[in-house]
Amino acid sequence: MGPKVSCAAEGLLHGVVGSDTDENGWTRPQRFTAGQLKALGSCRAWHPGLYRQLAAATAGVSLQFETDSSNVWLEAQMDPMPRGSAAMVADVERYGTGVTAPYDGFSADVDDVHLPLALPDEGGLVSFCVDVAEAPEPGVQRLPGMGGASTHRVTIWLPCLGGCEVRSVMGDGTFIEPVAERGQLLVLGDSIAQGYVTCDPGLAWPCRLAAQLGLDLLNQGVGGQVFQPGTLVGMAGAVRPEHIVVEFGANYRFEPCQAGRVEQEVRTYLYEVAATWPEVPTWVMTTLPHTEVAYPNHLRSCFAEVDGIIRRCAARHGSMRVVDGSALLDAGDLARLLADGSDHPGAAGQAMLAERLGFVVAARTEDEPLRRKRALSLLSRSGEKGLPLVETLRRGVGEVLLAQRGCVLLRATDGMQMLWATNRKLARQAVRCLGGARVTCLLGSRTTAADVARELGAEGCEGCLSYSFRGVSAPLAETSRDIRVLTAAYEGQILEHYAHPEYLEPGELARALEGGLVLGGFEDGRLCAFVGEHAEGSIGLLEVFEGSRRRGWGQALLAAKVAQQLDEGMVPWAEVWPENEASRSLMEKAGFSCAPADGMWFIS
């Protein structure tokens with residue numbers, strides 16, 4: 001049965017900024033504005049000839065429609081593969097990663113089912129069909145469920161390594177109708193964004209991510225590209241994305257480059273993104289894991305500094321969130337995840353990258369104050385086990401990275417994070433995609449702690465006890481003692497006498513002193529003991545100098561610290577190692593109660 005209905009492909013295009021149609025009805029999709037194409041081919045570009053070729057590729061472009069047909073045909077003509085794409089294909093074949101031809105073509109999604117790669121036949125038709133009565137002809141793909149009077153939503157993905165022209169979509173049903181455009185995900189990047197070595201244009205990570213977000217995709221990935229200022233010209237009025245992903249950086253490792261010049265370019269480019277779409281959440285990726293077997297870093301490259309440059313420049317803009325690219329692919333499994341033995345994810349890598357990036361976007365799309373508010377709501381019924389994190393949140397410490405049912409992750413400082421989890425799978429995802437601190441304090445079960453430790457590559461986890469003070473007034477203290485708030489002038493003495501300076505992060509003590517959080521005991525005008533707070537708000541830093549011990553200073557300073565925190569409306573709490581009998585006894589004498597054991601774990 002042949003075609004009964006047809007529709008011009010031009011009216012079905014998604015993921016373009018325009019298109020050119022000739023007198024014979026052949027349409028060439030355009031994913032860059034005329035101004036952008038001019039900039040990509042200008043003298044400011046690293047490789048203008050290459051960029052012009054790859055900008056013609058139809059990466060992320062699709063035809064979307066509804067139909068009651070059981071067979072669908074697309075008239076299409078594929079361009080010759082550009083030299084940049086051909087060089088990548090040669091790498092794949094040279095390094096034998098198991099990826100085989102064809103490397104590009106057309107694929108389709110029908111409702112929720114993805115169909116594999118298809119190529120035009122000798123007559124220039126790409127066919128997708130299902131026929132329960134007869135087996136399909138060789139090279140013809142099935143559309144599951146097509147037939148009868150059912151209506152299906154169809155998305156046909158166009159090639160990502162090169163360009164193509166399309167003319168009409170035909171079917172053997174009664175109608176083919178365009179699908180309305182949705183909100184848009186804009187992806188700005190290099191060959192990793194363009195979809196190199198996906199071998200199926202519909203399974204490239206930008207396509208998968210757009211599907212997760214329920215958005216259409218505009219993919220402006222260009223192989224070989226770097227942060228090039230001026231390449232967003234004409235985009236302000238043409239595109240109104242709901243999310244933006246910026247993925248550049250890998251190509252700095254192949255050529256000589258100076259960190260100062262790169263930082264200027266990154267800063268200017270990200271400024272242009274923020275100025276063009278000031279209110280749009282923008283996800284700026286640092287570079288992905290790679291191998292140097294095929295292509296070692298250039299000796300005069302500043303690649304080692306690129307991630308730091310990206311982080312600094314993105315931090316200047318409130319609309320931008322930095323995504324740790326190293327967490328998006330498992331560095332220990334690159335032989336399986338990279339299809340070219342170098343930089344480009346294959347099918348498994350594309351799926352992992354999209355899933356993890358989607359998790360990050362879903363977790364952090366809301367503003368941080370809303371995540372913090374939801375975190376407190378989720379923890380409101382957690383009892384004593386959740387109290388340390390509740391109190392840390394109430395103090396306004398750090399940034400809430402994730403607040404979902406079953407898991408809350410707080411980056412308390414650069415080197416320390418706190419994780420409350422009842423959902424083991426979510427906990428693993430959280431530390432894998434969002435974590436990265438040197439020390440993790442986990443509030444949860446032993447099995448969850450073991451999971452998180454494995455995910456972080458730690459040898460194990462160490463249990464800790466959590467003590468809290470629930471009284472309405474502080475323990476009675478001797479009023480005759482000389483207890484004062486310490487200033488920065490005492491930092492040296494504190495570091496000299498503190499038994500565990502390794503517990504302090506750089507700058508932590510200085511910040512505590514500046515905030516008036518360290519109290520000191522004095523005998524004859526000389527400092528003889530001190531107590532303070534760690535960055536997360538727990539009472540600690542308790543030390544009594546030799547010669548002043550067994551005189552009640554520990555009890556007195558603890559009582560004074562409790563009084564200070566109660567005056568500020570906080571619930572005093574502390575972390576105590578189980579083997580520290582002296583501290584446990586001190587806490588109990590002061591009226592602190594211990595949370596159930598096996599509820600707090602430190603992983604480092």
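**Buried positions, salt bridges and surface charge in a predicted model**

Leaving aside neighbours within four places in sequence, Thr 392 is in contact with Arg 372, Val 397, Leu 410, Met 418, Glu 536 and Trp 573. The structure described here is a predicted model. Thr 392 is found in helix 12, which covers residues 387-394. With a relative accessibility of 0%, Thr 392 counts as buried, because the cut-off for a buried residue is under 20% relative accessible area.

A second buried position is Val 92, in helix 3 (residues 83-95). The relative accessibility of Val 92 is 1%, and this residue counts as buried. When residues up to four places away in sequence are not counted, Val 92 touches Thr 97, Val 99, Tyr 103, Val 197, Ala 339 and Asp 340. For one of these partners, Tyr 103, the separation was also computed: the C-alpha atoms of Val 92 and Tyr 103 are 9.9 Å apart, and the two residues are eleven places apart along the chain.

These two positions belong to a protein chain of 604 residues, of which 55% count as buried. The chain contains 18 helices and 29 strands, and its C-alpha trace spans about 100 × 55 × 45 Å along the principal axes. Among contacts between residues at least 6 apart in sequence, 75% join residues that are at least 24 apart. The accessible surface of the chain comes to about 25500 Å², and carbon and sulfur atoms account for 50% of this surface.

Helix 14, formed by residues 446-456, was examined in further detail. Its buried residues are Thr 448, Ala 449, Asp 451, Val 452 and Ala 453. The elements that cover these buried residues include two strands, strand 20 (416-421) and strand 21 (439-443), together with helix 13 (424-433) and strand 29 (600-603). Just after helix 14, Gly 457 takes a positive phi of about 75 degrees.

One of the buried residues of helix 14, Asp 451, also takes part in salt bridges. Side chains of opposite charge can pair when their charged atoms come close. The side chain of Asp 451 meets that of Arg 428 in a salt bridge, with an N to O distance of 3.2 Å. Asp 451 lies in helix 14 and Arg 428 in helix 13, so this pair ties together parts that are 23 residues apart in sequence. The two partners were also assessed for accessibility: Asp 451 counts as buried at 4% relative accessibility, whereas Arg 428 is partly exposed, with a relative accessible area of 26%.

Asp 451 forms a salt bridge with Arg 454 as well, and here the closest N and O atoms are 2.5 Å apart. Arg 454 and Asp 451 are separated by about one helical turn, because they are three residues apart in helix 14. An α-helix has 3.6 residues a turn, so residues three or four places apart point the same way. Arg 454 counts as exposed, at 57% relative accessibility. Both pairs belong to a network of salt bridges that links Arg 424, Arg 428, Asp 451 and Arg 454.

The structure holds 28 salt bridges. Another of them joins the side chains of Arg 261 and Glu 265, at 3.2 Å from N to O. Arg 261 and Glu 265 are four residues apart in helix 7 (residues 259-276), and are therefore separated by about one helical turn. In this pair Arg 261 is exposed, with a relative accessible area of 52%, while Glu 265 is buried, with a relative accessible area of 14%.

Charge was also considered across the whole chain and at its surface. The protein chain carries 53 positive and 74 negative charges, and the mean positions of the two groups are 6 Å apart. A negative surface patch is formed by Glu 66, Asp 111, Asp 112 and Glu 177. Within this patch, Asp 111 lies in the loop between strand 7 (106-110) and strand 8 (113-118). Asp 111 is partly exposed, with a relative accessible area of 39%; this value allows Asp 111 to be part of a patch, because patches are made of residues with over 30% relative accessible area and no salt bridge.

Conventions. Residues numbered from 1 in each chain as written. Predicted model: local features only at pLDDT ≥ 70, side-chain atom pairs only at ≥ 80, totals over all residues. Heavy atoms only, no water. Patch = residues over 30% accessible without salt bridge, like charges linked within 9 Å, V, L, I, M, F, W, Y side chains within 5 Å. Areas by Shrake-Rupley, 256 points an atom, 1.4 Å probe, with all protein chains shown as cover. Salt bridge = Lys/Arg side-chain N within 4 Å of Asp/Glu carboxyl O. Lys, Arg positive; Asp, Glu negative; His and termini not counted. Charge placed at Lys NZ, Arg CZ, Asp CG, Glu CD. Buried < 20%, exposed > 50% of the residue type's maximum accessible area, 1.4 Å probe, protein only. Contact = heavy atoms within 4.5 Å.
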